[in-house]
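Q: Take one part of this model and give me a close look at how the rest packs around it. Start there, follow the contacts outward, and finish with the chain as a whole.

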Amino acid sequence: MVASTTVKLNTGAEMPTVGLGTWKSKPGAVEHAVEFALKNGYKHIDTAAAYENEKEVGLGIKASGVPRESIFLTTKLNNPDQRNPAAALQSSLENLQTPYLDLWLMHWPAPMTKGGKADKEHDWLTTWKDMEKLFLENPDKLKAIGVSNFSIKFLERLLNEAKVVPAVNQIELHPSCPQQELVDYCVSKGIVVTAYSPLGSDNSPLLANPVVKKIADKYSVAPANVLISLQANRKGVTVLPKSVTNERILSNAKIVDLTEEDISELHAIDKTAHFRACYPDWTGWGSLGFPDCE
Ligand code: A2P
């Protein structure tokens with residue numbers, strides 16, 4: 001396979017394949033991480049209102065001196081804001097100190113109350129319709145909209161009624177959670193898939209996995225490079241390694257081309273060592289249609 005460097009969205013925009021993830025990046029560390037990444041060639045930054053670090057991400061972008069139009073910037077609508085997406089969008093734009101987003105995602109198909117419980121009186125499909133309206137009426141503020149943590153079952157429901165096909169579905173992807181059927185479904189609908197937690201998140205066993213290490217040795221790279229490259233080698237997939245450590249931010253940008261055999265071996269890890277860094281049931285909405293969570 002030849003790894004991609006950018007992937008085209010259904011809007012025509014190009015999304016850089018590797019972006020800096022900021023889930024669990026604390027205020028205080030994330031500003032520097034974003035500035036350092038942008039100064040060292042990253043052109044894609046991912047955040048979310050729920051990460052409570054949008055302000056610092058905005059400061060990091062400013063500090064980098066990189067022009068806004070050279071950066072692909074994504075943030076996400078927080079679950080407790082599903083009843084008022086317009087106000088949430090405005091707040092994210094202000095926090096990030098930006099006039100527009102390259103991509104705005106519904107973080108989960110799981111409306112929640114401010115108190116952190118499932119909001120069973122609200123339908124996420126209503127939220128999607130509000131997001132569509134905001135997108136169609138505000139091309140100066142929103143370049144693309146999409147979803148995150150959507151299974152095939154939930155995408156089918158959305159696509160039955162959508163006016164706007166989501167540009168992206170951002171989901172957890174790594175060798176212990178490859179979700180090939182979902183990736184194939186998205187690609188067949190023209191939806192780009194973005195991989196979060198490609199390393200398996202904090203203290204991941206994947207970094208010490210013998211198959212990952214063997215392939216890393218073969219290409220003289222670190223295990224993290226194999227895990228990030230795995231996603232960059234999949235058709236229609238972009239990837240968000242998270243780090244707040246300078247050396248890792250630098251080294252994580254090195255992508256290698258993998259063979260079909262490497263990819264099959266890596267995806268076989270799931271058969272005996274399946275896990276998710278983030279199970280959907282924390283939202284109070286159960287499995288959200290993911291077969292491995294039922
Ligand atoms: P840190 O941010 O302290 O550098 P994921 O991208 O799957 O969410 O994984 C993020 C986790 O992996 C964080 O704990 C991050 O730590 C760590 N990490 C990021 N890059 C590397 C790397 N190249 N080698 C080892 N661990 C890494």
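A: First, a term we can't do without: a residue is buried when its relative accessible area is under 20%, exposed when that value is over 50%, and partly exposed in between. Also keep in mind that this is a predicted model.

The part I'd pick is helix H8, residues 223–232. Nine of its ten residues are buried, so the helix is largely enclosed by the rest of the structure. The buried ones are Ala224, Asn225, Val226, Leu227, Ile228, Ser229, Leu230, Gln231 and Ala232. So what does the covering? Among the elements lying over those buried residues are helices H7 (210–219), H9 (246–252) and H10 (260–267), along with strands E8 and E9 (237–240).

Strand E8 is a handy place to step outward from the helix. Thr194 sits in E8, and with a relative accessible area of 1% it is buried. Leaving out residues up to four places away in sequence, Thr194 touches Met15, Val168, Asn169, Gln170, Ile171, Thr238 and Leu240. Another residue to look at from here is Gly19: it is 175 residues from Thr194 along the chain, and their C-alpha atoms are separated by 9.5 Å.

Now for the rings. Searching the whole structure turns up four aromatic pairs. In one of them, Trp23 and Tyr196, the ring centres are 6.2 Å apart and the planes meet at 80°, so this pair is edge-to-face. Tyr196 belongs to strand E8 (residues 192–196), while Trp23 is in the loop between strand E2 (14–16) and helix H1 (30–39), so the pair ties together parts that are 173 residues apart in sequence. As for how covered the partners are, Trp23 is partly exposed at 27% relative accessible area, whereas Tyr196 counts as buried at 9%.

A second pair, Trp124 with Phe154, has its ring centres 5.7 Å apart and its planes at 20°, so it is stacked. Trp124 comes from helix H4 (residues 124–137) and Phe154 from helix H5 (residues 152–161), so here the parts tied together are 30 residues apart in sequence. Both partners are tucked away: Trp124 is buried at 5% relative accessible area, and Phe154 counts as buried at 17%. Add Phe150 to Trp124 and Phe154 and you have one aromatic cluster.

Time to zoom out. The protein chain has eleven helices and nine strands. Its radius of gyration is 18 Å, close to the 19 Å that the globule rule gives for 294 residues, so the chain is as compact as a globular protein of that length. Along the principal axes, the C-alpha atoms fill a box of roughly 50 × 45 × 35 Å.

The buried helix we began with belongs to a chain where 54% of the 294 residues count as buried. Contacts across the sequence have a big share too: of the contacts with a separation of 6 or more, 74% are between residues 24 or more positions apart. On the outside, the accessible surface comes to about 12,400 Å², and carbon and sulfur atoms hold 53% of that. As for charge, there are 31 positive and 35 negative charges in the chain, and their mean positions are 1 Å apart.

How values were computed:
Residues numbered from 1 in each chain as written. Predicted model: local features only at pLDDT ≥ 70, side-chain atom pairs only at ≥ 80, totals over all residues. Heavy atoms only, no water. Helix = DSSP H or I, 4+ residues; strand = E, 2+ residues; numbered from the N terminus. Rg over C-alpha atoms; globule rule 2.2 N^0.38 Å. Buried < 20%, exposed > 50% of the residue type's maximum accessible area, 1.4 Å probe, protein only. Contact = heavy atoms within 4.5 Å. Areas by Shrake-Rupley, 256 points an atom, 1.4 Å probe, with all protein chains shown as cover. Lys, Arg positive; Asp, Glu negative; His and termini not counted. Charge placed at Lys NZ, Arg CZ, Asp CG, Glu CD. Phe/Tyr/Trp six-rings, centres within 6.5 Å; stacked < 30°, edge-to-face > 60°.
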